[in-house]
Amino acid sequence: MKQTPWLGFSIDRAASTPVFEQICAAIRLRAASGDMAPGSKLPPTRVFATELGVSRSTIVTAYEQLVAEGYLSSQQGSGYRLCASGEVEMAQRQAPAADPKSGAAARRGGAQGPGSASPPQMVEAHIFRAGTPDMRLFPYRQWAKTVARICRSDPQAMFVGSRGFGSLALRQSICDHVAEWRGISARPEQVIVTAGATDALEICLHALAQSGDSVALEDPGYRPLQYFITAQGLTPEYLRVDDSGAVLPSGPVAPRLAILTPSHQFPLGGAMSPARRMEFIRWAIKTEAWIIEDDYDSEFRYAGRPIPAMAGFDHLHRTLYIGSFSKIFSNALRLGYLILPEPLVASFANSIKRFGPKASSMPQQPLADFIDSGEFYRHLRRVRRIYAERRRFLLDQLSQDFGAYGYCVDHQAGMQVVFHLTCALQDREVCIRAAELGLSIEALSGFVQTPRPGDGGYNGLVLGFCGYSEAELQQGLGLLQQILQLVSR
Ligand SMILES: Cc1ncc(COP(=O)(O)O)c(C=O)c1O
């Protein structure tokens, strides 16, 4: 056990509380007790890591968590400092206490285990909700500064709507972003700022499909799409997903559109193979169909190089590209974008005129400034690092302690993992029990439209990990293990 002379505490590796949480707790305690004066400097991450015998990323995670909670401030090049207490701005959600009866202790079948008289305790945090970013990590201070600067210097910029396509400044920033990150070359005239990816999908359906048309969809896939399609009188053709991604349409009516998630299949998680992408592009050229690439969470790849977008591969010839800011920033921001092939710009302009734009105009200029100033990328790098650690933690715990129930395939991407059940349990039943205890787990089978023989594999649990600290995930896993034990009896 190593003790740091600086904080005068030791890491307890036998404790159920993760190391980074122990560091956070020690700093919070010293801040609250007045042992550390506001403005005092924290030890440099490298020095502190060596002192405690932990990795530097553990220290960075702890510091960044405390920045998010408003205890610390960070300035590039000058390290981390303790904030004055009045500077704590954001509403805090308390991480669950390191209660030996919850979390790992429960996981090991401790006092709350299935053999015990006390029932599993409900949690309030909706742990495992998929696709939700951790809003405790949102850069509130920098965002507030950006908005305040525009309010002072150029308020008009927040109300200009560029004829329904959105702020020109933001569309230019989006072009720069997708050129750098997704290998897509587009002009701002081809970009529509939307109210998230969902709005972009609806705009495409309004502009490109007419009642009676067939639309190809991945199965399993994103559920709201299926509702939009039926509400518009369109006919879905469900595409099976194999190891290379969605298979090509083969129904009696050639689909007018195929809506795909090639970089990260939703909800299974794999990437479409280059060969399958080429087959889709050839299919679209041959049948004059359009491919809609829903790249809803492409920024979250944790290893290797980003997988280039299909739209870049296709040079926006038959592919429309959809991106979203919901996963990087917040579902509450409701901003995303749609990038069109040149020949479609005029017809989409007409359609937008008819249905009206839905994207909120006020945050568009601030978001453009946020991207251009680099703050956006600073935030993205930070959350990606933290989410990568949470994901690793979740996968390790699942493989260590849940092997009797199922397995995960590690796709090194996204905001959720699928735990495929290999036992006799039904995913829906597990999810109902989980919801009763406050866990937000979705059943994989609920994303499937047309169960096929041999698809017995679509029995699993969709577990979101981004919005929860390791301590919260551990608490959720403790409950999940109890539920699995109870349901299997
Ligand atoms: C595959 C897929 N597409 C689109 C969306 C919607 O994104 P937005 O919040 O930007 O509307 C989601 C949300 O989780 C999704 O999973």
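Mentor: Let's start with a definition: a helix here is a DSSP run of H or I with at least four residues, and helices are numbered from the N terminus. Keep in mind that this model is predicted.

Trainee: Thanks! How far apart are aspartate 396 and arginine 392 in helix α13?

Mentor: They sit four residues apart in α13 (residues 375-401), so about one helical turn separates them. These two side chains also form a salt bridge, with the closest N and O atoms 3.2 Å apart.

Trainee: What lets side chains pair like that?

Mentor: Side chains of opposite charge can pair when their charged atoms come close. The structure holds 14 salt bridges. One of them joins arginine 149 and aspartate 369, at 3.7 Å from N to O. Arginine 149 belongs to helix α5 and aspartate 369 to helix α12, so this pair ties together parts that are 220 residues apart in sequence.

Trainee: Is arginine 149 partly exposed or buried?

Mentor: Buried would mean under 20% relative accessible area, and exposed over 50%. Arginine 149 has 39%, so it counts as partly exposed.

Trainee: Now the strands. How do strands of a sheet pair?

Mentor: They pair through backbone hydrogen bonds, either parallel or antiparallel. In this structure, an open sheet of eight strands follows the order β5-β12-β11-β10-β9-β6-β7-β8, with mixed pairing. Strands β5 and β8 stand at the edges with a single partner each, so one side of each has no neighbour in the sheet.

Trainee: Which way do β6 and β9 run, parallel or antiparallel?

Mentor: They run parallel, joined by three bridges. Look for valine 215, which stands opposite leucine 257 in β9.

Technical notes: Residues numbered from 1 in each chain as written. Predicted model: local features only at pLDDT ≥ 70, side-chain atom pairs only at ≥ 80, totals over all residues. Heavy atoms only, no water. Pairing = 2+ DSSP bridges. Helix = DSSP H or I, 4+ residues; strand = E, 2+ residues; numbered from the N terminus. Salt bridge = Lys/Arg side-chain N within 4 Å of Asp/Glu carboxyl O. Buried < 20%, exposed > 50% of the residue type's maximum accessible area, 1.4 Å probe, protein only.
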